[in-house]
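Good morning. I have a few minutes on one structure, so please have the sequence and the 3D view open.

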Amino acid sequence: ISAIVWVHHMYMTGWAPSANYPFMLSTEMISIPFGFLGLVLLGTIWRGTAWTRLPMMAVYAVIWNKVIGGITGVYLSDVPVDQYMHGSMFVVAHFHFMLMGAGLFGAIAAITYWFPKMTGRMLDERLGSIGFWVAFAGFQLTFFSMFVAGLQGMPRRVLQFDEAFNVSNWISTIGAYTIGLGMLIFLGAIISSWRHGVIAPANPWGSKSLEWQTETPVPLENFPVLPVVTSDP
């Protein structure tokens with residue numbers, strides 16, 4: 001479906017107006033498999049014993065952001081709504097929740113989780129968590145405010161805008177600097193932990209996946225003897 005869904009970007013060009021509605025249908029249909037992906041994420045956690053350390057909290061942030069981005073994308077798939085929203089800050093907020101909301105916080109989860117395997121030291125989780133929560137709060141502030149500006153009718157890609165949008169833009173600016181502050185704190189956690197962090201045990205998370213069954217840091221050939229996998233984790 002994604003191979004044909006891109007044509008929703010052509011809604012407002014005037015190109016082949018009769019094609020708008022088939023492509024509106026394809027754009028709406030892609031929310032169904034995407035919804036299943038969200039359920040798969042939740043289903044993986046469901047009835048499990050979730051250890052809510054920093055990597056897992058960042059995964060929860062990814063799920064939250066993808067849900068917000070996915071729901072707002074459904075509105076934009078409808079031609080009549082898109083005629084009002086197209087080229088507005090609402091679209092900017094939507095795709096940042098979809099892309100950066102997953103990419104940024106997914107990266108935080110991955111870095112935190114595999115930091116011991118990469119460096120042989122544990123990430124300072126207290127400092128890293130402060131950075132994560134500051135960045136997460138700033139992210140919500142920045143892009144929820146952009147949703148409001150878009151609903152008010154503010155266009156994207158403009159240098160100067162009407163005073164009616166001043167409050168939303170000030171809030172977004174404060175949120176953006178807050179994201180930057182959070183990421184600087186997280187970077188500080190990475191640098192200080194890499195230099196002076198607690199020496200990591202071989203398997204600090206109690207994981208049953210294969211990369212944690214070898215020594216930390218990883219030896220040159222990964223495993224002294226080729227491992228034989230006899231069952232699922």
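Keep in mind that this is a predicted model. I will start with helix α9 and what lies over it. The cover on the buried residues of α9 includes α4, α7 and α8. Which residues of α9 are buried? There are Ser 168, Asn 169, Ser 172, Gly 175, Ile 179, Gly 182, Phe 186, Ala 189, Ile 190 and Ser 193. The helix itself has 31 residues, and from first C-alpha to last it reaches 45 Å, close to the 45 Å expected at 1.5 Å a residue.

Next, the core. The largest nonpolar core has 34 residues, and those touching the most other members are Phe 105, Leu 123, Phe 132 and Phe 143. At least two residues come from each of α4, α6, α7, α8 and α9. The largest share, eight residues, is from α8.

Take Phe 143 from that list. What does Phe 143 contact, leaving aside neighbours within four places in sequence? Its partners are Ala 93, His 96, Phe 97 and Ile 179. Ile 179 we have already met, among the buried residues of α9.

Now the surface. A nonpolar patch there is formed by Ile 1, Ile 4, Leu 25, Met 29, Ile 32, Phe 36, Leu 39 and Leu 42, with about 780 Å² of accessible area together. Helices α2 and α3 are the elements giving two or more residues to the patch, and α3 gives the largest share, four residues. Leu 42 lies in α3. Why does Leu 42 count as partly exposed? Because its relative accessibility is 43%, and partly exposed covers the range between under 20% and over 50%.

Note on methods:
Residues numbered from 1 in each chain as written. Predicted model: local features only at pLDDT ≥ 70, side-chain atom pairs only at ≥ 80, totals over all residues. Heavy atoms only, no water. Patch = residues over 30% accessible without salt bridge, like charges linked within 9 Å, V, L, I, M, F, W, Y side chains within 5 Å. Areas by Shrake-Rupley, 256 points an atom, 1.4 Å probe, with all protein chains shown as cover. Salt bridge = Lys/Arg side-chain N within 4 Å of Asp/Glu carboxyl O. Buried < 20%, exposed > 50% of the residue type's maximum accessible area, 1.4 Å probe, protein only. Core = buried A, V, L, I, M, F, W, Y, C linked by side-chain atoms within 4.5 Å. Contact = heavy atoms within 4.5 Å. Expected span 1.5 Å × (residues − 1).
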